[in-house]
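Morning, everyone. I have one structure to show today. Let's put it on the screen.

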Amino acid sequence: MKNIMRKYLSIVLLLCGLFLLVGCDKKATLYSNLEERQANSVMAALLEVGISAEKVAGAENTWDVIIPERHFAVAANILEQQGLPHHVYQGVADVFKKTGMVSSPSEERIRFMEALSQDLSQTISSIEGVIDARVHVVLPENDPFAKNTVPSSAAVAIRHRYDVSMEDQIPQIKSLIKNSIEGLSYEKISVILFADSPDTNDGKPIVPQKDPLFGAQVLQSLATANAALLVLLIAGIVIVWRKYNSFKKDAKEE
């Protein structure tokens with residue numbers, strides 16, 4: 001009987017250790033309040049390098065991305081290299097939403113410049129190799145009767161992948177902006193390029209090792225199964241212990 005008790009106790013201790021091992025994989029929220037398309041892009045990038053990720057519904061049709069806490073720093077670095085999650089740009093329709101209030105001409109001009117900047121930034125960001133782009137448009141409020149007027153101008157800042165050359169595309173980018181803004185001359189457009197510096201180790205990107213056995217959902221299911229099995233084993237040990245005590249009591253009475 002003592003040997004049986006020892007076997008049961010060994011199994012319980014083994015399962016307790018496995019349960020604690022599975023349960024210690026803490027989770028952390030990497031990003032929150034993302035649009036579904038942003039969350040999907042983030043998850044795809046993480047799963048591609050072996051980091052398990054979950055998409056959890058947030059507030060007001062937004063999504064949160066949950067990952068193992070031990071991968072937080074590496075995941076944030078990888079997403080930064082890829083420019084994820086993508087910036088959400090506001091189009092003209094969003095910038096010029098009706099608010100029921102009368103805007104001054106100056107306010108309307110500023111909102112118009114912002115709308116142009118957002119639309120052009122989104123277009124340039126969609127070019128292959130571009131991680132992020134910002135377009136700053138300046139439309140001076142000139143007096144139509146003045147002799148000297150200040151010309152319009154635009155400045156473009158582009159952050160691109162380190163392995164993609166963007167210099168050859170600068171003339172096309174300038175032409176795109178020139179043809180999008182009335183009265184803007186080609187010479188008044190400046191484009192500045194910033195090549196992204198990869199976080200490398202001997203020339204190879206640093207990525208975490210893939211989760212050794214299971215994904216996040218399988219680990220969670222395994223933890224639940226272990227907990228249920230642990231409860232059953234404890235109940236079995238209690239029953240065996242009671243029978244053992246009853247057997248000893250009967251043996252003494254005899």
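I'll start with the whole chain, then take one helix, then a pair of helices.

First, a caution: this is a predicted model. The chain has 254 residues, and 31% of them count as buried. Its secondary structure comes to seven helices and eight strands. Now the contacts. Take those between residues at least 6 apart in sequence: 68% of them join residues at least 24 apart. As for the surface, about 17,000 Å² is exposed. Carbon and sulfur atoms supply 57% of that area.

Next, helix α6, residues 170-180. Which of its residues are buried? They are I170, I173, K174 and I177. Note that a lysine, K174, is on that list. These four cover an arc of only 100° around the axis, so they sit on the same side of α6. The general rule is helpful here: an α-helix has 3.6 residues a turn, so residues three or four places apart point the same way. What covers the buried residues of α6? The cover includes α5 (105-125), β5 (153-160) and β6 (189-195). Now turn to the face pointing away from the buried side. That face carries the exposed residues Q172 and N179.

Last, the helix pair. Helix α2 spans residues 36-48, and helix α3 spans 72-82. Their axes come within 10 Å and cross at roughly 115°. The crossing of α2 and α3 is right-handed. On the α2 side, V42, A45 and L46 make the contact. On the α3 side, A75, L79 and Q82 do. By class, that contact has five nonpolar residues, one polar and no charged ones.

That's my tour. Questions, please.

Methods
Residues numbered from 1 in each chain as written. Predicted model: local features only at pLDDT ≥ 70, side-chain atom pairs only at ≥ 80, totals over all residues. Heavy atoms only, no water. Buried < 20%, exposed > 50% of the residue type's maximum accessible area, 1.4 Å probe, protein only. Helix = DSSP H or I, 4+ residues; strand = E, 2+ residues; numbered from the N terminus. Arc of directions from axis to C-beta. Contact = heavy atoms within 4.5 Å. Areas by Shrake-Rupley, 256 points an atom, 1.4 Å probe, with all protein chains shown as cover. Axes fitted to C-alpha atoms, helices over the stretch in contact; angles between N-to-C directions. Left-handed = near helix turned anticlockwise from the far one by under 90°. Nonpolar A, V, L, I, M, F, W, Y, C, P; charged D, E, K, R; others polar.
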